[in-house]
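Here are some exercises for you to work through, each with a solution in small steps. Keep the viewer open as you go.

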Amino acid sequence: MSAATLSQPKSFDFKRLIFMMLGVTLFAVVYYCPAWPDAIDPMGEHFILSQQAKGAIGVFLLAGTWWVFEVVPIGVTSLAIGVLQAMFFIRPAKVAFKDFMDPSVLFIFASIMIGLVFTKTGLTKRLAYKMLMVVGEKTKNIYLGVFIVTALLTHIMAHTAVAATIYPLLLAIYALYGEGDKPTKFGKGLFIGMAYIAGAGSIVTLLGAARGAVAIGFFQEILGKDITFFELTYYMAPVGWIMVFLLWGFFMIFLKPEKATIPGLREKARELNKQMGPLTRDEIMAAVLVGSVIIVMSLRSFIPELKAIDKTALILVSSISFFIFKILDINDLEDIPWNIILLFAGAMSIGFCLWETGAAKWMAVNWLTIFQDSHWFVFVMSIAFFVLMMTNFIMNVAAIAISLPVALVIAPYLGVAPEVILFVALVVAGMPFLLLVGAAPNAIAYDSGQFTPGEFFLYGIPASIMLLVVVAFAVLVLWPMMGMPVTLPG
């Protein structure tokens, strides 16, 4: 390569500049505009939008714009979230940046470490080859096999840990597709599909994510009613599995693999599996350590004494053990995708910022009171839409905490049973299909390099519409048939 070629300047990216300035403009307009009217709930309580709350909404809009169009690396956008809070006095720096090391962020870190160990030891390749020997050479069956395994695992362990475990398995499968690291429809479908299915499967039990336990806690506190583990699974299992199979069809339409079959794949998988030989010491140690942590975490829902042990502390035990037993060493820390860790750190910070400044409550009250005189079904779907939008930007736990109390206050005036409000919120909170920050599996899938944040957003639009249609079907037909009260007597 000549010196002239090396010194040639990069072409100026006007599109990047436009979207970067759009985010900055949205922040400035919201932050510096005059005070907005109070939000007033059905009980007559006023919610004031302070200068700090307006700043939170401004940061929220800037981050969303920069994340979707990836004007800078997604982890750098997260750093901007903390910086803006501190520089514009939205929240103190000590508070804003402390959220970057929230237990949920460390949980994601530990989950990614599990995926790293499975890759390094060879367990993921072994699992991939075994699965391909079963599902065969048709790419549509490979989609289905991956999706079913992912969904089943989320019934017994956190969907973040599932995504981190399945991710390297998908890398091993994709390596056999024959296209190298080049993005393909099959690659996009595998990784985006894994993220979507992890969300769909996680709604079925309380073990799939923390959001279920939090929502049930709110429900019990506000109404004095309890929802049991098995009651939640009874109503959520049909919806979760309907979404699993619909998403399979969705990816076969929107991201149909370029190859209908991968000739010789089953035989190749059998041969590669044979070459791996017997299980190694590191594979056995990794499986035992991770399995033990998963079992203890799962038992927390059934054994009261274990509930006191924090789930993040538990999963971090596995991370520490990997180094104690020399499965990992210091050099392996360089393989951690810190861009993804920072992405979720920023998401936690903006979520807490919207909550603590009162901006989220102001948005929820304004949105839900628009529909307080509507037909009950319109009101229920408005809750679904609001939670769906919020959970794409902030923690789904926070989205439920913001909207559920307001919705449960309005519901009786429209003759809506509280149970349907709870379950609708839980369904959509589990499936943020638009933004990478909506859920950890989304961000883990992004690390594959098979798709951009913009592509993820575009595929998420029809997927989210499909989700709302399924919610409508559940509210009007499925749940009433199963015995759930949807409307109040009289």
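On a 1 Å grid over the protein atoms alone, a pocket is an open set of points with protein on both sides within 12 Å along at least five of seven lines, while a cavity is a set where a 1.4 Å probe fits but cannot get out; lining residues have an atom within 4 Å of a point. A volume is the space filled by probe spheres set on the points, which are joined across faces, edges and corners. This is a predicted model, where local features need pLDDT of at least 70 and side-chain atom pairs count only at pLDDT 80 or more, but totals for chains, interfaces and linings use all residues. Residues are numbered from 1 along each chain, and side-chain values use heavy atoms, without hydrogens and water.

**Exercise 1.** Describe the second largest pocket and its lining.

*Solution.* Start with the volume, which is about 300 Å³. Next, find the centre: of the 16 lining residues, the closest to it are Leu 116, Tyr 167, Asp 335, Pro 337 and Asp 447. Then look at the elements (helices are DSSP runs of H or I with at least four residues, numbered from the N terminus). Two or more residues each come from α6 (103-121) and α9 (159-175), and α6 gives the most, with 5 residues. Finally, sort the lining by class (Ala, Val, Leu, Ile, Met, Phe, Trp, Tyr, Cys and Pro are nonpolar; Asp, Glu, Lys and Arg charged; the others, Gly among them, polar). This gives 10 nonpolar, 2 polar and 4 charged residues.

**Exercise 2.** Find the cavity of 30 Å³ or more and say what lines it.

*Solution.* The structure holds 1 such cavity. The largest cavity has a volume of about 60 Å³. Its lining includes Ser 202, Arg 211, Met 236 and Leu 426. At least two lining residues come from each of α11 (211-223) and α12. By class, the lining has 6 nonpolar, 3 polar and 1 charged residues.

**Exercise 3.** How do α12 and α23 cross, and which classes of residue make their contact?

*Solution.* Take the axes (lines fitted to C-alpha atoms over the stretch in contact, with angles from 0 to 180 degrees between N-to-C directions). Those of α12 (residues 229-254) and α23 (residues 453-482) come within 10 Å and cross at roughly 145°. Now list the contact (heavy atoms within 4.5 Å): among the residues are Tyr 234 and Phe 250 of α12, and Met 466 and Trp 479 of α23. The classes come to 21 nonpolar, no polar and no charged residues.
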